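Hi everyone, thanks for coming. I'll take you through a structure that's new to most of you, so have it open while I talk.

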Amino acid sequence: MIDPQPLPSAPFDGSPQELYLDPEVLARELAEELLGDPLDELDNTDPAAADVAAECDLGLVLLAGSHDERMQGLRIFCEHRDPRALPRLLPLLAAPCPIVRMSAVYALGRNPSPMAVEPLLALLAGDHNGYVRKAVAWSLGSYPDAPVLNPLTRSLQVDIAAVRLWAAGSLAEAGSTGPAKADPAAAQLLMCLRIDSEPAVRCNSAWALGRLFNDLVDLRQQDVVESLVTAMLQDGESSVREEARLALEQLEQPEVLERLQTLVEEGLLA
């Protein structure tokens, strides 16, 4: 999955005092931290359990503090899992400051709970702020067994580019729980690969289709291969062409690899 760049979204509400942090900087920092498979990357740091416990203890105190302290606590729970945080994170989804809401959403992606599904879906459908909806689109990837397939599909159809970018990746997670979900997820991702106006969304759609491939029936797999080949050869953006080629290579299908080699030999691929 590609490195998403900050994209335009709805303006932030609230007073200047509430927005003392640059929302674009915060969104960029969080996006960088959460790139690819962020939970695995954070787990790889493997800090001492005692240090993590102490940091979570501090985070719980900070979440009950001032605005500045609350933001520090949210950052802690964007990095660490602790079930004790849930009762303090859920109310922050209704905070008037969009930066707080956004950070709480990311923290609930790190600390998934069935209790968070309904309020997260409500934010995805109704929050006026694009950064918040973008955060929800990412966090729902941590809830693949919840009823997130249709809401993510709608976001991929109608929301702004920044939200569609993350919705594509989360749709792959939701679809990877079995063939019944994989097929409708792939159908929407194929549509986005073909017609979405934003190259970054088309890139993530190509990545997501590769992720779903093994859960698809033969006819849908053929459609995925043909669509990726078309994107690889014809998309106007080099990033999309490269992502489509990488997705095809990672399928590890002998006939697909042979086809790629033939295209190279014919001079149609470098």
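Let's start with one residue: where is the place of serine 139? Serine 139 sits in helix α8. Keep in mind throughout that we're looking at a predicted model.

So, is serine 139 buried or exposed? Buried: its relative accessible area is 0%. And which residues does serine 139 touch, if we leave aside its neighbours within four places in sequence? Those contacts are Val105, Tyr106 and Gly109.

Okay, stay with α8 for a moment. This helix covers residues 130–139, and it packs with helix α10, residues 161–175. If you haven't looked at helix pairs before, two packed helices are described by the angle between their axes and the distance between the axes. For α8 and α10, the angle is about 10° and the axes are 7 Å apart. That angle is under 35 degrees, so α8 is roughly parallel to α10.

Who's actually meeting whom there? On the α8 side we have Gly130, Arg133, Lys134, Ala137 and Trp138, and on the α10 side Ala162, Val163, Trp166, Ala167 and Ser170. Sort the residues of that contact by type and you get six nonpolar, two polar and two charged.

Now let's move to helix α9, residues 149–158. Which residues of α9 are buried? They're Leu149, Leu152, Thr153, Ser155 and Leu156. These residues cover an arc of only 160° around the axis, so they lie on the same side of α9. Turn to the face away from that buried side, and you find Asn150, Arg154 and Val158, which are exposed.

And what covers the buried residues of α9? Our friends α8 and α10 are part of the cover, and so are α7 (114–126), α11 (179–195) and α12 (199–212).

Next, a quick stop at two cysteines. Cysteine 56 is buried at 1% relative accessibility, and cysteine 78 is buried too, with a relative accessible area of 4%. How many disulfides are there? The count comes to zero, going by sulfur atoms within 2.5 Å.

One last oddity before we wrap up. Glutamate 252 has a positive phi of about 55°, although it's not a glycine. You'll find glutamate 252 in the loop between α14 (238–250) and α15 (254–265). Is this residue buried or exposed? With a relative accessible area of 64%, glutamate 252 is exposed, whereas serine 139, where we began, is buried.

That's my tour, thanks for listening.

Definitions and conventions
Residues numbered from 1 in each chain as written. Predicted model: local features only at pLDDT ≥ 70, side-chain atom pairs only at ≥ 80, totals over all residues. Heavy atoms only, no water. Axes fitted to C-alpha atoms, helices over the stretch in contact; angles between N-to-C directions. Helix = DSSP H or I, 4+ residues; strand = E, 2+ residues; numbered from the N terminus. Parallel < 35°, antiparallel > 145°, perpendicular 65-115°, else oblique. Contact = heavy atoms within 4.5 Å. Nonpolar A, V, L, I, M, F, W, Y, C, P; charged D, E, K, R; others polar. Buried < 20%, exposed > 50% of the residue type's maximum accessible area, 1.4 Å probe, protein only. Arc of directions from axis to C-beta.
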